[in-house]
Amino acid sequence: MNSVMQESVNVFGDPLLPCGLDPVTGFFRDGCCNTCEEDLGSHTVCVEVTEAFLAFSRARGNDLSTPLEEFGFPGLNPGDRWCLCAARWLEAQKHNMAPRVYLLSTHIRALEIVPMTLLRRYAIDLN
């Protein structure tokens, strides 16, 4: 596997800011929503998870709240920041379950799946 990290740039074309270190998030588990060709899920949208979103994701077959210690995954709690798959975020948005987004920590590749106008509507970090 050739996991060459793509340039760490956010949706504004600026340096990508960290998303979450407790728990450590990202495809590379580096705290950022960095991506590469092997990241088929495009874990590029930095969100603050909510109980409603965690329930939605669990109902869709992706339980993010239950710890998986064999993978070093502590399970997420409401308020945690996490690099979410762009398509899952878009699916949640269509069901009115999308969590808020940190645009400065969302990778530019998310825009291949989610329109910027939609991300802006859910932005936590815009004035």
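This passage describes the nonpolar cores, the helices, the largest pocket, the backbone geometry and the segment before β1 in a predicted model. Residues are numbered from 1 along each chain as its sequence is written, and side-chain values rest on heavy atoms, with hydrogens and water left out. Because the model is predicted, local features were required to have a pLDDT of at least 70 and side-chain atom pairs were counted only at pLDDT 80 or more, whereas totals for chains, interfaces and linings use all residues.

The largest nonpolar core, a term that denotes a set of buried Ala, Val, Leu, Ile, Met, Phe, Trp, Tyr and Cys residues joined through side-chain atoms within 4.5 Å, has 26 residues, of which V45, L64, W89, V101 and L119 touch the most other members. Here buried means under 20% relative accessible area, exposed means over 50%, and partly exposed lies in between, as computed with a 1.4 Å probe on protein chains only. The elements that give two or more residues to this core are β1 (43-48), α1 (51-59), β2 (81-85), α2 (86-94) and α3 (116-121), and the largest share, 4 residues, comes from α2. Helices (H or I, at least four residues) and strands (E, at least two) are DSSP runs numbered from the N terminus. A second, separate core of 5 residues includes C33, C46, C83 and Y102. In soluble globular proteins, nonpolar side chains tend to be buried together.

With residues up to four places away in sequence not counted, L64 touches F53, L54, S57, F73, G75, L76, W82 and L84, where contact means heavy atoms within 4.5 Å. Three of these partners, F53, L54 and S57, recur in α1, whose buried residues are F53, L54, F56 and S57. The buried residues of α1 cover an arc of only 160° around the axis, which puts them on the same side of α1; the arc is that of the directions from the helix axis to the C-beta atoms. An α-helix has 3.6 residues a turn, so residues three or four places apart point the same way. The cover over the buried residues of α1 includes β2 and α2. In α2, the buried residues are A86, R88, W89, L90, A92 and Q93, and what covers them includes β1, α1, β2, β3 (100-101) and α3.

The largest pocket holds about 310 Å³ of space. On a 1 Å grid over the protein atoms alone, a pocket is an open set of points where a 1.4 Å probe fits, with protein on both sides within 12 Å along at least five of seven lines, and its lining residues have an atom within 4 Å of a point. Grid points are joined across faces, edges and corners, and the volume is the space filled by probe spheres set on the points. Of the 16 lining residues, R29, H43, N62, L64 and W82 are the closest to the centre of the pocket, and β2 provides the largest share of the lining, 4 residues. By class, the lining has 9 nonpolar, 4 polar and 3 charged residues, with Ala, Val, Leu, Ile, Met, Phe, Trp, Tyr, Cys and Pro counted as nonpolar, Asp, Glu, Lys and Arg as charged, and the others, Gly among them, as polar.

Several backbone features were noted. Most residues other than glycine have a negative phi, and most peptide bonds are trans. In the segment before β1, which contains P23, the peptide bond from D22 to P23 is cis, with omega near 5°. R29, which lies in that segment, has a positive phi near 50° and counts as partly exposed at 47% relative accessibility. S42, also in the segment before β1, has a positive phi near 50°, but S42 counts as buried at 10% relative accessibility. Positive phi values are also found just after α1, at G61 (about 95°), and just after α2, at N96 (about 55°).

The segment before β1 also includes M5 and Q6. M5 is partly exposed, with a relative accessible area of 36%, whereas Q6 is buried, at 19%. The C-alpha atoms of M5 and N34, 29 residues apart in sequence, are 6.8 Å apart in space, and those of Q6 and N34, 28 residues apart along the chain, are separated by 7.0 Å. Leaving aside neighbours within four places in sequence, M5 is in contact with F28, D30, N34, T35 and C36, while Q6 is in contact with N34, T35, C36, E37, H107 and R109.
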